[in-house]
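Reader: I've got a model open and some bench questions. Can we go through it piece by piece?

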Amino acid sequence: MTQNQPASPTPRPPGPVLALTVALVAAVVCGVIAAYVTYNAGYDKAQTLYQARLDEQTKAMEKAQAQKPKRKGEEAPPVKPSTFAAADLDIPGLANLAPQARDELMTVLNTVVGPCEPCVETGQSFATCLEERPACLNMPVLARRGVRLAGEGKDRTALGDALTFEKPWTRVDPGASPSDGPDDAPVTIVEFTDFQCPYCARVQPTLAEIKARYGAQVRFVYKAYPLATHKRARPAALAAVAAHKQGKFWEYKKVLFENQKELVKEPTLEELAKGIGLDVARWKKDMDDGLTSGAVSLDQQQADRLGVHSTPTFFVNGYRIKGARPLESFTRIIDAELVDLGRK
């Protein structure tokens, strides 16, 4: 008897499992596309709202500045001398100074205005700040510096200069911003700048001189702060961040400031990108990326939190410097910091 051969399997038409798989894949793809569109729409809305708020702040600042009463020669109010003795102030090391050095420092503390607000506005002495504002973090740090310098035999003028840095010790997070110099450099200079601001361009040679003088002891960090009144400043900031993604931020920053007068011309940004050897197609794509725009906006938000309202504004190890100040404004802070950190 002949055994029956097993029948060949009959191909089945696509069943419900395959149809369900196709439907799930299509749903996922549609979901991703919808999420991307929603994200972009939300991001654009947030950018518009932020720019509107920035415009309002700029107008309010300009109005307040115009209405602010001017003092003759913009001079600070006269100091209100105090008569504190060394024993009245809780300054580490003060009691251990030689009598003459202690007297020199106490004279300065009683006759020099504290460098922070509201002391600057009211003419309060340094010693008054130390005694009456124990929560102030700035004064004790500067007072300890005064003790060190007095112990080195510095005179009253040198002591006064060392204790009157403007609004010291503001903590500034460099974040992932473009930086030039070792991450562990003893001094960090954070620069909030606007590529269309003439004062920002004017201070660039000073920064170059600092780099040449101090080398790896100073780290430079860039933060974007395009002012609403400069219409080409934000596109330039976006272009610079896009250049950073190809590792050429500092070259691009340099040529932007060197060609500042040409920024009003639309093609300039691309011409400069070509000039420093950027992959222009990639650079354009990165410029239009929402992450690039977000990075610039984050810098602006950080500036607002720090009370930055003008460019350029620098923070040298936390010490604020406003405007295109001369080299000495930077070096006296850098030198003091290097000495205090044992690096000079």
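Reader: Let's start with Lys284. Is it buried, exposed or partly exposed?
Author: Lys284 is partly exposed, at 38% relative accessibility. Keep in mind that this is a predicted model.

Reader: Which side chain does Lys284 meet in a salt bridge?
Author: That of Glu270, at 3.3 Å from N to O. The pair links distant parts of the chain. Lys284 is in helix H12, residues 280–287, and Glu270 is in helix H11, residues 268–275. They are 14 residues apart.

Reader: And Glu270, buried or partly exposed?
Author: Partly exposed, with 26% relative accessibility.

Reader: Which residues does the network join?
Author: Glu270, Lys274 and Lys284. Salt bridges that share partners make them one network.

Reader: How many salt bridges in the whole structure?
Author: Twelve. One of them joins the side chains of Arg213 and Glu209, at 3.8 Å from N to O.

Reader: How far apart are Arg213 and Glu209 along the helix?
Author: They sit four residues apart in helix H8, residues 204–214, so about one helical turn separates them. Arg213 is partly exposed at 49% relative accessible area. Glu209 is also partly exposed, at 40%.

Reader: Give me another pair. What does Glu152 meet?
Author: Arg148, in a salt bridge of 3.2 Å from N to O. Glu152 has 46% relative accessibility and counts as partly exposed. Arg148 counts as partly exposed too, at 24%.

Reader: Switching to cysteines. How many disulfides?
Author: Zero.

Reader: What about Cys197, which cysteine sulfur is nearest?
Author: That of Cys200, 3.4 Å away. The reverse holds as well: for Cys200, the nearest cysteine sulfur is that of Cys197.

Reader: Why doesn't that pair count as a disulfide?
Author: A disulfide needs the two sulfur atoms within 2.5 Å. These are 3.4 Å apart, so the pair falls outside that cut-off.

Reader: Are those two cysteines buried or exposed?
Author: Cys197 is buried, at 3% relative accessibility. Cys200 is buried at 0%.

Reader: Now Thr311. Where is it found?
Author: In the loop between H13 and strand E4, residues 313–316. Thr311 is buried, with a relative accessible area of 9%.

Reader: What is Thr311 in contact with, leaving aside its neighbours within four places in sequence?
Author: Both of the cysteines we just discussed, Cys197 and Cys200, are on the list. Phe192, Thr193, Asp194, Tyr199, Tyr225 and Leu227 complete it.

Reader: How far is Thr311 from Lys322 in space?
Author: 7.3 Å, C-alpha to C-alpha. In sequence they are eleven residues apart.

Reader: You mentioned H13. At what angle do H9 and H13 cross?
Author: Roughly 115°. The axes come within 9 Å. H9 covers residues 233–244, and H13 covers residues 290–306.

Reader: Left-handed or right-handed crossing?
Author: Right-handed.

Reader: Which residues meet there?
Author: From H9, Arg234, Ala237, Leu238, Val241 and Ala242. From H13, Thr292, Ser293, Ala295, Val296, Ser297 and Gln300.

Reader: And by class, how many nonpolar, polar and charged residues in that contact?
Author: Six nonpolar, four polar and one charged.

Conventions:
Residues numbered from 1 in each chain as written. Predicted model: local features only at pLDDT ≥ 70, side-chain atom pairs only at ≥ 80, totals over all residues. Heavy atoms only, no water. Buried < 20%, exposed > 50% of the residue type's maximum accessible area, 1.4 Å probe, protein only. Axes fitted to C-alpha atoms, helices over the stretch in contact; angles between N-to-C directions. Helix = DSSP H or I, 4+ residues; strand = E, 2+ residues; numbered from the N terminus. Left-handed = near helix turned anticlockwise from the far one by under 90°. Contact = heavy atoms within 4.5 Å. Nonpolar A, V, L, I, M, F, W, Y, C, P; charged D, E, K, R; others polar. Salt bridge = Lys/Arg side-chain N within 4 Å of Asp/Glu carboxyl O.
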